[in-house]
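Let's take a walk through the empty spaces of this protein, and then step out to a bit of its surface. Have the structure open and follow along.

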Amino acid sequence: MKPLSSVLLKPSGPECNLRCKYCFYIEKKEFFESRTGYRMTEEVLETTIRQVMEQGPEHVIFQWQGGEPTLCGVKFFEKAIELQKKYGQGHVVSNGLQTNGTLLNAEWASFFRRNNFLIGLSMDGPEDLHNALRYTSRGAHVHDKVLRNAKMLVEAGVEVNILAVVSRAAEVMPEEIYEFIKAQGFHWMQFIPCVERNEKTGTIESFSVTPEGYGHFLCRVFDCWWNDFKDGQPTTFVRFFDEIFYRYVGLEPPDCTLREECGAYLVVEHTGDVFSCDFFVDNNNRVGNVLTHRMIDMLNSQQQSAFGKKKAARHQKCTTCEWENWCRGGCPKDRERIPETQGLSFLCQSYEIFFAHAHKRLGELAGIWLTKQQDFRKTSTETA
């Protein structure tokens, strides 16, 4: 039975104060057809938190996303913390929140710091690149505000990870993006490939990455990351490299896109409806509602299990690929949402390019790590 250890909540649904060109979730407004506003009620909030605490393991993770979750206001999240404390006796609780950063202020910074929130802040890189695809409904640029607020969080002692979407314009400037983020004082980075399909024409949007371009982007960022090692240790942290390293030392990566199967978490929308995955919020992948179903049952339902197992049914090419053990076919959204790939990941070539470039060095790094672990265990046994 899968543990109810992680849940992704969307308290403001698909509502956002920005209109980023590559956003895939804003279209969900039509799916939910809200007439009263996209806000999670206190009943849904309390029921979700209570169920997670009652049915989950000792350590549980709440991930808050949107849309833009800060539209709900600080008081909403203060209530969430209150409920976590009410129902969370004996639990270790982690909270992460993903934001576009435009609505943050000193009150938010203080709240995040007091409650140990990990903030994923969307910033694509230098000003021109960020402003090209991220703007308000009136087309206003927001880079300066985002950067200012990001630095405010850090100064307040909040842990911040930078989330950079890699578009076609970005794929040719990996060093500039990496060095820009680092120069602002941020050392935790996540690079998210933009792969969007136009639902009307059926074609890949022109601002999406190319498979070859994203592969070379990863290679060049890898070289930057590798060159920043000091005394054998990384000084910057790139999520993809950290996650894939689990594979090299014989462990299961936390990232579901690199696992044999997915479906290890649930998405709770503002309505209380529960879905299999953030990228598959639709009627086919709705597994219930927190007000009428038990979350642990939904997570371990036949429907959720079938959703997760689809990932393991990979393209024929994967069965003979030397890198299959590492990428596991990639995320299903890059297979199922792009019909012309016929079940092969749109980013297949990206992974091939990257692993051919980085495999040897990652293997050497894994060998060093495993040796240190063996020495540590030996020393611990001898001194016990």
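Start with the residues Gln190, Phe191, Phe217, Leu218, Val221, Val238, Arg239, Phe240 and Phe241, which together line the second largest cavity. Keep in mind that you're looking at a predicted model. The space these residues enclose comes to about 40 Å³. Three elements each put at least two residues into this lining: strand β6 (188-193), helix α8 (211-227) and helix α9. Sort the lining by class and you get 7 nonpolar residues, 1 polar and 1 charged.

How many cavities of 30 Å³ or more turn up when the whole structure is searched? There are 2, so let's go to the other one. The largest cavity holds about 100 Å³ of space. Its lining is made up of Cys318, Cys321, Trp323, Glu324, Cys327, Gly329, Leu344, Ser345, Cys348, Tyr351 and Glu352. Helices α12 (324-327) and α14 are the elements that give two or more residues here, and α14 is the top contributor, with 3 residues. By class, this lining splits into 7 nonpolar, 2 polar and 2 charged residues.

Now follow α14 along to an open space, the second largest pocket, because α14 (348-383) is one of the elements that give two or more residues to its lining. The other is α9 (239-248), the helix you met at the second largest cavity. This pocket has about 360 Å³ of space. Of its 15 lining residues, Gln233, Pro234, Phe245, Leu365 and Trp369 sit closest to the centre. The class count for the lining is 11 nonpolar, 2 polar and 2 charged.

Trp369 deserves a second look. This residue belongs to helix α14, and it is among the pocket residues closest to the centre. Is Trp369 buried, partly exposed or exposed? Trp369 counts as partly exposed, because its relative accessibility is 32% and the partly exposed class runs between 20% and 50%. That value also matters for the surface, because patches are built from residues with over 30% relative accessible area. Sure enough, Trp369 joins Tyr246, Leu251 and Leu370 in a nonpolar surface patch of about 330 Å².

So if you want one residue to click on last, try Trp369, because this partly exposed side chain takes part in the nonpolar patch and also lines the second largest pocket.

Technical notes:
Residues are numbered from 1 along each chain as its sequence is written. This is a predicted model: local features need pLDDT of at least 70, side-chain atom pairs count only at pLDDT 80 or more; totals for chains, interfaces and linings use all residues. Side-chain values use heavy atoms; hydrogens and water are left out. On a 1 Å grid over the protein atoms alone, a cavity is a set of points where a 1.4 Å probe fits but cannot get out, and a pocket is an open set with protein on both sides within 12 Å along at least five of seven lines; lining residues have an atom within 4 Å of a point. Grid points are joined across faces, edges and corners, and a volume is the space filled by probe spheres set on the points. Helices (H or I, at least four residues) and strands (E, at least two) are DSSP runs, numbered from the N terminus. Ala, Val, Leu, Ile, Met, Phe, Trp, Tyr, Cys and Pro count as nonpolar, Asp, Glu, Lys and Arg as charged, and the others, Gly among them, as polar. Patches are made of residues with over 30% relative accessible area and no salt bridge: like charges are joined within 9 Å, nonpolar side chains (Val, Leu, Ile, Met, Phe, Trp, Tyr) within 5 Å. Accessible areas come from the Shrake-Rupley method with a 1.4 Å probe; for residues, only the protein chains shown count as cover. A salt bridge is a side-chain nitrogen of Lys or Arg within 4 Å of a carboxyl oxygen of Asp or Glu. Buried means under 20% relative accessible area, exposed over 50%, partly exposed in between (1.4 Å probe, protein chains only).
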